[in-house]
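Hi,

Here is the structure I promised to pass on. Have a look at it first, and my notes follow underneath.

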Amino acid sequence: MVRPEEITIQPAKSQAAVKNIAQILLDRAGISAEQIGAAAEVQEESGEDLGQILLRQKVIDEIDLLQAQGELFGLEVKTALPGDISTDFTAAVSIGFLKANRMVPIRTAGDVFVAVNDPYSFQPLDDLRKVLDLETVRCVLCPNSAIVNAINFAYDMTQDTAEEVMQGMDEEDPEALFSEIEETGDLLDDTSDAPVIKLVNLMFSQAVRDNASDIHIEPYQNSLKIRQRLDGILYDMLSPPKHVQSALVSRIKIMAKLNIAEKRLPQDGRLELKIANKEIDVRVSTLPTAFGERVVLRLLDKSSILISLTDLGMPEDRLRQFSREIRAANGIILVTGPTGSGKTTTLYAALTTINSTDVNIITVEDPIEYRISGIGQVQVNSKINLTFASGLRSIVRQDPDVILVGEIRDSETAQIAIQSALTGHLVFSTLHTNDSASAVTRLRDMGIEPFLISSSVNAILAQRLIRVICSHCREEYEPDALELEKMGISLEEAAGRRVYRGRGCNKCLHTGYRGRSGIFELLLLDKDMKSTILKTADSNTIKKLAIEKGMITLRQDGIGKIFAGVTTIEEVFRVAHE
């Protein structure tokens with residue numbers, strides 16, 4: 001056991017220690033003496049720790065540094081921390097202290113230690129030992145991200161339960177509603193005692209912890225229901241008493257800077273939150289109903305990393321075709337599907353793939369969901385008449401190579417998009433249609449001439465999101481004939497092939513699913529397809545020709561994922577039944 005007071009290296013980091021760290025990094029991290037020398041020159045000027053300089057310069061990574069420090073001080077290094085930790089310490093130690101000093105006490109069934117990111121944190125470590133009444137404490141070096149995750153988990157788990165919060169709620173609590181929210185910071189740090197604030201914080205933190213995409217606050221005659229959407233499906237979340245409805249809605253409207261006195265008209269707003277070190281952008285929509293205002297909150301994790309095309313779940317053959325199309329010199333690429341089918345994510349993945357210094361990419365969106373470095377992004381604002389059409393008209397004068405139009409909603413936007421494609425631009429956009437062939441019919445309904453469609457559109461990608469079977473409770477089973485029949489799968493096709501489902505466990509909140517993937521239908525407009533479009537706008541005729549030419553439909557792609565063990569028969573039938 002290592003006592004903090006027994007560690008003899010001083011915080012000032014003696015020259016001997018610096019030399020030891022340098023030698024260890026030379027021996028273990030595979031870096032050169034020249035890189036050490038360059039970092040040492042920076043250290044002479046700034047006085048900064050040598051390891052931190054090398055880390056900032058990306059000569060080494062965090063694990064390299066921790067392993068070197070562990071060898072120097074004789075400390076164990078852990079790359080991850082256990083998930084089943086005790087949260088007893090949260091009552092005695094503030095979350096701010098632990099985050100500021102990058103340390104967290106870990107107590108499991110068979111072990112007790114303190115995970116630290118900086119082995120020179122002598123005084124905070126000693127303070128923590130005294131507060132927790134630990135005579136001795138074993139120190140373990142750990143990456144900062146793992147420590148922060150453990151802290152957030154511990155304090156999130158010890159938040160007041162919904163029942164405790166709702167028991168303390170009063171119908172009128174005006175001072176609590178208007179309390180300062182600008183400087184709250186991380187919601188987990190909020191120590192407000194006001195029940196309405198506790199309930200809102202609990203609602204947001206639970207939704208973020210569960211990776212929910214939406215929160216619905218739904219008023220009924222004698223009840224109030226809060227639901228959250230997980231992987232595209234709504235689940236009950238909380239059921240507060242009816243009398244808290246007004247206070248709850250008002251609190252959210254204040255946070256979103258909406259007019260709390262106006263309860264007869266729909267309102268739209270947005271707010272930004274920080275929960276467990278995640279930057280969350282929340283779109284707020286209110287709608288007056290017979291029993292009060294209904295509120296829908298769309299949550300977007302701005303700190304999440306944009307996924308690449310290879311992570312979408314697109315089969316290899318369609319991925320190659322789509323990757324070729326997004327690198328075309330001009331034309332239109334349409335992504336179709338209902339709301340919430342992942343169209344925007346696919347377009348962002350495509351833009352990220354082709355984004356480079358020699359390509360000028362400009363987008364017009366409503367709203368801008370992800371900020372991408374190196375791309376000019378324009379936010380639609382109907383209040384000042386900045387629509388998709390007017391924004392697109394201005395973008396064309398900005399000498400773009402690639403244009404993204406968030407959605408083609410009307411004939412004017414469609415006309416400008418097609419003219420842009422015909423004048424040498426590559427245009428990406430979305431349409432709300434059921435399949436790829438229906439996109440042609442939709443453009444015809446907007447008044448676009450067939451010859452313009454055939455000469456400008458390069459490819460149409462239809463997609464849906466399917467829930468993925470939870471890997472922790474996945475089990476093989478024998479589907480009955482009725483299940484196979486509803487998907488159009490014959491017994492001969494299923495013979496000898498495995499089908500899976502999820503039993504339901506704590507990891508997937510007993511749903512049997514965890515995460516989502518995509519199923520795709522890619523329609524390429526070759527000469528034969530363009531000739532057919534010139535003759536007819538019937539989606540069935542277009543789809544029939546596309547299938548004859550080898551197009552894989554949404555249902556067929558879904559069946560492939562069933563037999564690959566990715567998803568279930570019920571899930572594919574839900575999103576892609578014909």
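**What I found**

Asp-231 sits in the loop that runs between strand E6 (224-230) and strand E7 (233-238). One thing to keep in mind as you read: this is a predicted model. I picked out Asp-231 for its backbone, since its phi is positive, about 50°, although the residue is not a glycine. Asp-133 is another such case, with a positive phi of about 60°, and again not a glycine. You'll find Asp-133 in the loop between helix H6 (122-131) and strand E4 (139-141), and it is exposed, with a relative accessible area of 68%. For background, most residues other than glycine have a negative phi, and most peptide bonds are trans.

On that last point, there is a cis peptide bond to look at: it runs from Asp-366 to Pro-367, with omega near -5°. Pro-367 belongs to the loop between strand E12 (361-365) and strand E13 (376-379).

Now the inside. The largest nonpolar core has 37 residues. Among the residues with the most contacts inside it are Ile-332, Leu-443, Ile-460 and Met-529. Helix H15 (residues 411-422) gives the largest share of this core, five residues. There is also a second, separate core of 32 residues, which includes Leu-128, Leu-141, Cys-142 and Ala-150.

If you want one residue to click on, try Ile-460. Leaving out residues up to four places away in sequence, Ile-460 touches Leu-334, Thr-336, Ser-436, Ala-439, Val-440, Glu-521, Leu-522, Leu-523 and Leu-525.

Next, a helix pair. Helix H16 (residues 436-445) packs with helix H21 (residues 539-548) at an angle of about 145°, and their axes are 8 Å apart. The crossing of H16 and H21 is right-handed. H16 brings Ala-437, Ser-438, Val-440 and Thr-441 to the contact, while H21 brings Ser-539, Ile-542 and Lys-543. By type, the residues of this contact are three nonpolar, three polar and one charged.

Last, the aromatics. How many aromatic pairs does a search of the whole structure find? Just one. Phe-73 and Tyr-120 make up the pair, edge-to-face, at 5.3 Å centre to centre with 85° between the planes. Phe-73 is in helix H4 (residues 62-73) and Tyr-120 is in the loop between strand E3 (112-116) and H6, so the pair ties together parts that are 47 residues apart in sequence. Both rings belong to buried residues: Phe-73 has 18% relative accessibility, and Tyr-120 has a relative accessible area of 8%.

Cheers

Terms used: Residues numbered from 1 in each chain as written. Predicted model: local features only at pLDDT ≥ 70, side-chain atom pairs only at ≥ 80, totals over all residues. Heavy atoms only, no water. Core = buried A, V, L, I, M, F, W, Y, C linked by side-chain atoms within 4.5 Å. Buried < 20%, exposed > 50% of the residue type's maximum accessible area, 1.4 Å probe, protein only. Helix = DSSP H or I, 4+ residues; strand = E, 2+ residues; numbered from the N terminus. Contact = heavy atoms within 4.5 Å. Axes fitted to C-alpha atoms, helices over the stretch in contact; angles between N-to-C directions. Left-handed = near helix turned anticlockwise from the far one by under 90°. Nonpolar A, V, L, I, M, F, W, Y, C, P; charged D, E, K, R; others polar. Phe/Tyr/Trp six-rings, centres within 6.5 Å; stacked < 30°, edge-to-face > 60°.
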